[in-house]
Amino acid sequence: MSGGSIDITEFESGEPDEFRGGNPTERIIEFLASHDDRAWKAATIAERTGIDVETVSSLLSRLKKRGLVRHKSPYWAITDDEQRLAEARGVHAVTERYDEQFGEEDPEEWETADSEEL
């Protein structure tokens, strides 16, 4: 895919959600939230979201530490704490707006600034 377009044949053969944007964490959260009546194996989440299974496993572990998903091996489900999920989505939305307005931050610049101050 180049730029803002794809070949019409690719478009026609694609799945309905295949071209939806979002980073892998967002896609996992949205997948689990839209299927909150079920718990899923990491491999199935990977298959359904189009994300590498190792990446899915790593992100699920991080999301569990943040209280955004539940885990009973080998299954994963979205949190049942709707307030926590809403707060996380709110923080994410604000971060995206700031990134659009001011540009994304580069952690390497922080390290450079810290070393210059010393």
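The following conversation goes through salt bridges, a sheet and a helix of a predicted model.

Visitor: What should be known about the numbering and the values?
Guide: Residues are numbered from 1 along each chain as its sequence is written, and side-chain values use heavy atoms, with hydrogens and water left out. As this is a predicted model, local features need pLDDT of at least 70 and side-chain atom pairs count only at pLDDT 80 or more, while totals for chains, interfaces and linings use all residues.

Visitor: Why is the contact of Glu-30 and Arg-89 called a salt bridge?
Guide: The term asks for a side-chain nitrogen of Lys or Arg within 4 Å of a carboxyl oxygen of Asp or Glu; the N to O distance of Glu-30 and Arg-89 is 3.1 Å, so the pair qualifies. Glu-30 lies in helix 2 (residues 24-34) and Arg-89 in helix 5 (residues 82-102), so the salt bridge ties together parts that are 59 residues apart in sequence; helices here are DSSP runs of H or I with at least four residues, strands are runs of E with at least two, and both are numbered from the N terminus.

Visitor: What makes Asp-80 and Arg-70 a salt bridge?
Guide: Their side chains meet at 3.9 Å, N to O, which is within the limit, so this pair counts too. Asp-80 is in the loop between strand 3 (75-78) and helix 5, and Arg-70 is in strand 2 (residues 69-72), 10 residues apart.

Visitor: Why is Asp-80 called exposed, and what is Arg-70 called?
Guide: Exposed means over 50% relative accessible area, buried under 20%, and partly exposed in between, with a 1.4 Å probe and protein chains only. Asp-80, at 57%, therefore counts as exposed, whereas Arg-70, at 38%, is partly exposed.

Visitor: How do you know that strand 2 and strand 3 pair?
Guide: Pairing requires that DSSP finds at least two bridges between two strands; strand 2 and strand 3 have 4 bridges in the antiparallel sense, so they pair. His-71 stands opposite Trp-76 in strand 3.

Visitor: How do you know that the buried residues of helix 3 line one face?
Guide: The buried residues of helix 3 (residues 42-49) are Ala-42, Ile-45, Ala-46 and Thr-49. Seen down the axis of helix 3, they fall within an arc of 100 degrees, so they line one face of the helix; the arc is that of the directions from the helix axis to the C-beta atoms. An α-helix has 3.6 residues a turn, so residues three or four places apart point the same way.
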